[in-house]
Amino acid sequence: MQEKIIILDFGSQTTQLIGRRVREMDTYCEIVPYNKFPKGDPTVKGVILSGSPFSVYDENAFKVDLNEIRGKYPILGICYGAQFLSYSNGGKVEPAGTREYGRAHLASFCKDNVLFKGVKENSQVWMSHGDTITAIPSNFKTIASTDKVAIAAYQIENEQVWGVQFHPEVFHSEDGTQMLKNFVVDVCGCKQDWSPASFIESTVAELKAQLGDDKVVLALSGGVDSSVAAVLLNRAIGKNLTCVFVDHGLLRKNEFKNVMKDYECLGLNVIGVDASEKFFSELAGVTEPEAKRKIIGSGFIDVFDVEAHKIKDVKWLAQGTIYPDIIESLSITGTVIKSHHNVGGLPEKMHLKLCEPLRLLFKDEVRRVGRELGMPEHLITRHPFPGPGLAVRILGDITPEKVQILQNADDIFIQGLRDWGLYDQVWQAGVILLPVQSVGVMGDERTYERAVALRAVTSTDAMTADWAHLPYEFLGKVSNDIINKVKGVNRVTYDISSKPPATIEWE
Ligand code: XMP
C-alpha cells in the first residue's frame with residue numbers, strides 16, 4: 001500500500017505548494033479539508049497543518065480537535081497550523097505589532113533538533129502573518145527565533161509535534177525544502193518511493209479492479225491531461241475504452257488531423273467527429289464572450305452524448321480532471337480562482353459513473369506519467385489551449401473566414417516559436433484576431449485590413465502570468481511573415497500585459 005502524508009488544509013494559498021514540495025520528494029501526499037482527516041487509514045505516516053487566512057481567535061476560524069491525531073502521527077504545523085496548535089493548548093496568539101511579512105533570518109535555532117538537520121546558520125525564511133505566538137504552553141519548547149519573532153518554531157516536549165511560524169514551502173525559505181524533508185523522511189520515515197512508474201502500476205491495477213469488464217467513454221481534447229488519462233485507461237482496459245474527439249471547427253490549423261493521427265499511433269480507440277458546421281451556425285452573430293463559451297460548452301455535450309450513446313452498454317465517463325481542479329472545487333474558503341469548466345454539465349446529463357484517474361496529480365506529474373507511458377514529447381509538452389478554442393481569440397462575431405485567417409497567423413507564430421527554440425520557454429502562446437481594421441500600404445496599394453495581436457506568456461500555473469520577453473528579431477520576423485503570407489492582415493501587435501490585471505486569453 002502506498003504510504004502518504006496528509007496535509008490538513010486550513011485555507012492558505014500556499015497549501016498546494018506544501019503538497020508539491022512533498023511530492024517533489026517522491027513521497028505521496030493528499031490535501032484534505034482541515035476537518036476531513038481520513039481516520040483509520042493505515043497508510044498515513046504523518047500530518048502537516050497548513051496556514052490559513054484566518055486568525056485563531058476569529059469567530060469563523062477553522063477549528064478542529066487535534067487530539068484525534070496527536071500522539072498517533074508526527075505533526076508539523078505551519079503558520080496558522082503552528083499558532084492553532086499552540087493556542088488550542090493554552091498558548092497565546094496576538095496581533096503582531098508590525099505585520100510580519102517577507103524575509104527573516106533564523107538568528108538562532110537548536111542545531112541538534114531533527115527538523116533543522118542540514119539547515120545553515122542565519123538561514124533565510126519567509127514570514128507571512130498578521131498574528132504572532134507570544135506565549136507557548138509550558139510543555140512546548142522554543143527551537144528557533146528570528147530577530148523579530150522570538151517563537152519562530154517550537155516542539156512539544158517528548159512528542160513528535162513541531163510548529164513553525166514561517167513558510168518552509170515557499171521558494172524564498174532557503175532551507176525550507178530541507179526542513180520539510182527532515183520531517184517527511186527522518187521523522188515520518190517515508191521511503192520516497194513514489195514515482196511515475198509506481199503511480200502507473202498502482203493506478204492500472206486500481207482501474208482494472210474498479211472497471212472490470214465495463215465500457216468507458218472519454219472525451220479527448222488534444223490536451224495533455226485527457227491524452228494521458230486515455231493512454232492510462234487504454235493500458236488498463238484496452239478496447240473497452242472508447243475515446244471521442246470532437247472538432248468544433250475552432251481548433252488550431254490541422255490540429256484535428258494531426259492529433260487524430262497521434263491518437264491512432266498510440267493505439268487508442270478514437271472516434272473523430274467533425275461538428276464544425278453545427279458550431280458555426282450556432283455561433284453566427286454571437287459576440288458576447290460568455291455567450292460563446294455557453295454555446296460551445298452545451299454544443300459539445302450534445303455531440304458527445306450522441307456519440308456516447310452509439311456505444312452499447314457504456315457505464316463510465318472518464319475525464320482528465322487533475323488535482324488543482326479538485327482542490328479548487330473543494331476550496332474551503334469558497335474563493336473561486338478560476339472557473340473554466342468546459343463540460344461541467346456532462347456527468348449529470350449522461351447518468352454515467354465518473355472515472356478520473358489523474359485526479360490526484362499536479363500538471364507536471366501528469367507530464368512525467370505521460371513520458372513514462374511512452375507518449376510522444378510533442379503531445380506532452382503541448383501548450384494549454386482553451387476548450388472554446390479560437391472562439392475566445394476572435395473578438396466579435398465568428399465566421400469561418402475569420403477562423404481561417406486566425407489559424408494561418410497562429411500557425412506562423414507557433415511554428416516560428418518551435419523553429420527558434422522558444423516554444424518550450426513559454427507557458428502558452430497564440431494569436432488574437434482584433435475587431436479593428438487599419439490602413440496600410442502594400443506595394444503601391446493602400447490596404448485597409450485587420451490587425452492581430454500576438455500573445456505569449458510565461459507562467460507556472462496560469463493563475464499569474466507575465467508576458468514573454470521574446471527577442472525583437474523573432475517578433476519582427478513573425479510580424480513580416482504574417483503580413484506577407486496571411487491575406488487580410490496588415491498589422492501585428494504584441495500584447496505586453498501581465499496577469500493580473502489582464503488575463504491570458506482576451507475573452
Ligand atoms: P485566463 O484567460 O483566465 O486563462 O488567464 C487561464 C488559462 O486557462 C485557459 N482557459 C481555458 N481553458 N476552457 C479551458 O479549458 C476555457 O474556457 C478556458 N478559458 C481560458 C487559458 O488558455 C489559460 O491557459
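Trainee: Buried means under 20% relative accessible area. In this predicted model, does cysteine 188 count as buried or exposed?

Mentor: The cut-off for buried is under 20% relative accessible area. Cysteine 188 has 7% relative accessibility, so the class is buried.

Trainee: Why does cysteine 188 have no bond to the cysteine with the closest sulfur?

Mentor: A disulfide requires two cysteine sulfur atoms within 2.5 Å. The closest cysteine sulfur to that of cysteine 188 belongs to cysteine 190. The pair is too far apart for a bond because the distance between the sulfurs is 5.4 Å.

Trainee: How many disulfides does the rule give?

Mentor: Cysteine 79, buried at 5% relative accessibility, is in no disulfide. Its nearest cysteine sulfur, in cysteine 29, is 19 Å away. By the 2.5 Å rule, the count of disulfides is zero.

Trainee: Which class does the ring pair of phenylalanine 10 and phenylalanine 84 fall into?

Mentor: The whole structure has 19 aromatic pairs. In this one the ring centres are 6.0 Å apart and the planes meet at 45°. Stacked needs under 30 degrees and edge-to-face over 60, so the pair is tilted.

Trainee: How far apart in sequence are the parts that this pair ties together?

Mentor: Phenylalanine 10 is in the loop between β1 and α1, while phenylalanine 84 is in helix α2. Phenylalanine 10 is buried at 0% relative accessibility, and phenylalanine 84 is buried at 2%. The parts that the pair ties together are separated in sequence by 74 residues.

Trainee: What is the angle between the ring planes of tyrosine 80 and phenylalanine 84?

Mentor: Tyrosine 80 and phenylalanine 84 are four residues apart in helix α2, so about one helical turn separates them. Both are buried. Their rings are stacked, with 5.9 Å centre to centre and a plane angle of 0°.

Trainee: Which helix gives the largest share of the largest nonpolar core?

Mentor: The largest nonpolar core has 55 residues, and Phe413 and Leu417 are among those with the most contacts inside it. Eight residues of this core, the largest share, come from residues 400-419, helix α13.

Trainee: Arginine 418 lies over the face of which residue?

Mentor: A charge counts as over a ring only if CZ of Arg is within 6 Å of the ring centre and within 35 degrees of the ring normal. Arginine 418 is at 3.9 Å from the ring centre of tyrosine 423. Leucine 417 also touches Tyr423. The ring under arginine 418 is that of tyrosine 423.

Notes: Residues are numbered from 1 along each chain as its sequence is written. This is a predicted model: local features need pLDDT of at least 70, side-chain atom pairs count only at pLDDT 80 or more; totals for chains, interfaces and linings use all residues. Side-chain values use heavy atoms; hydrogens and water are left out. A nonpolar core is a set of buried Ala, Val, Leu, Ile, Met, Phe, Trp, Tyr and Cys residues joined through side-chain atoms within 4.5 Å. Buried means under 20% relative accessible area, exposed over 50%, partly exposed in between (1.4 Å probe, protein chains only). Helices (H or I, at least four residues) and strands (E, at least two) are DSSP runs, numbered from the N terminus. Contact means heavy atoms within 4.5 Å. Rings of Phe, Tyr and Trp (its six-membered ring) pair if their centres lie within 6.5 Å; planes under 30 degrees apart count as stacked, over 60 as edge-to-face and the rest as tilted. Lists of a residue's contacts leave out its neighbours within four places in sequence.
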